[in-house]
Amino acid sequence: MTIPKEIENWLKYEKVRRSGKFNMIMEWKQAAKDAKLSEKDYNSTIKRYSVLKSKAEKLYTPTQIDDMIKLI
């Protein structure tokens, strides 16, 4: 299965967000590093979070999303 790049970035972001390890806004540099996202990709993902989440939920089931987050 090929995952669109923007959804892959969202999954990386979401994995870090769900961990609760960082404040995703105030500690964005650490969160981006942990998510293995460039500054540009991190900022794009955070700005479009709701849109990307909706896209992911249309493409995949909640179980598939959870499984992809574990593997990413």
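This is a guided tour of a predicted model, moving from one helix to the next and stopping at selected residues on the way.

**Start with the core**

Begin by selecting W10, L11, Y42 and I65, which are the residues with the most contacts inside the largest nonpolar core, a set of 19 residues. The elements that each give two or more residues to this core are α1, α2, α4 and α5, the last of these spanning 62-71. Among the contributors, α1 gives the most, with five residues. As background for this view, nonpolar side chains in soluble globular proteins tend to be buried together.

Keep W10 selected and display what surrounds it. Leaving out residues up to four places away in sequence, W10 touches T45, Y49, L52, K53, A56 and I65.

**Select α1 and α4**

Next, show α1 (5-19) together with α4, which covers residues 49-59. The two helices pack at an angle of about 105°, and their axes are 10 Å apart; α1 and α4 are therefore roughly perpendicular to each other. To see the contact itself, colour E6, I7, W10, Y13, E14 and R17 on the α1 side, and Y49, L52, K53, K55, A56 and L59 on the α4 side. Sorted by residue class, this contact has seven nonpolar residues, five charged ones and no polar ones.

Within α4, pause at A56. Is A56 buried or exposed? With a relative accessible area of 0%, A56 is buried. Beyond its neighbours within four places in sequence, A56 is in contact with I7, W10 and I65. A distance label drawn between the C-alpha atoms of A56 and P4 should read 9.5 Å, although these residues are 52 apart along the chain.

**Turn to α5**

Keep α1 on display and replace α4 with α5. The axes of α1 and α5 come within 9 Å and cross at roughly 85°, which makes α1 roughly perpendicular to α5. Which residues meet across this pair? From α1 they are W10, L11, E14, K15 and R18, and from α5 they are I65, D66, M68, I69 and K70. The residues of this contact divide into five nonpolar and five charged, with no polar ones.

Now look along the axis of α5 and select I65, M68 and I69, which are buried. These residues cover an arc of only 100° around the axis, which puts them on the same side of α5. The buried residues of α5 pack against α1 and α4, whereas the face turned away from that buried side carries the exposed residues T63, K70 and L71. K70 therefore deserves a second look in the viewer, as a residue that is exposed and that also belongs to the contact of α5 with α1.

**Select α2 and the loop after it**

Move to α2, residues 28-35, in which A31, A32 and A35 are buried. Seen down the axis of α2, the buried residues fall within an arc of 100°, so they line one face of the helix. That buried set packs against α1 and α3 (39-47), while K29 and K33, on the other side of α2, are exposed.

Directly after α2, select K36, which is found in the loop between α2 and α3. Its phi is near 60°, a positive value in a residue other than glycine. At 69% relative accessibility, K36 counts as exposed.

**Finish with two residues of α1**

From K36, step across to K12 in helix α1. With residues up to four places away in sequence left out, K12 touches A35, K36, L37 and I72. Why does K12, a lysine, count as buried here? Its relative accessibility is 17%, and the cut-off for buried is under 20%.

The last selection is N9, which also lies in helix α1. N9 is buried, with a relative accessible area of 5%. Apart from residues up to four places away in sequence, N9 touches L37, D41 and T45. Showing N9 and K12 together brings L37 into view as a residue that N9 touches and that K12 touches too. Adding W10 to the selection does something similar for T45, which is touched by N9 and by W10.

Note on methods. Residues numbered from 1 in each chain as written. Predicted model: local features only at pLDDT ≥ 70, side-chain atom pairs only at ≥ 80, totals over all residues. Heavy atoms only, no water. Buried < 20%, exposed > 50% of the residue type's maximum accessible area, 1.4 Å probe, protein only. Helix = DSSP H or I, 4+ residues; strand = E, 2+ residues; numbered from the N terminus. Arc of directions from axis to C-beta. Contact = heavy atoms within 4.5 Å. Axes fitted to C-alpha atoms, helices over the stretch in contact; angles between N-to-C directions. Parallel < 35°, antiparallel > 145°, perpendicular 65-115°, else oblique. Nonpolar A, V, L, I, M, F, W, Y, C, P; charged D, E, K, R; others polar. Core = buried A, V, L, I, M, F, W, Y, C linked by side-chain atoms within 4.5 Å.
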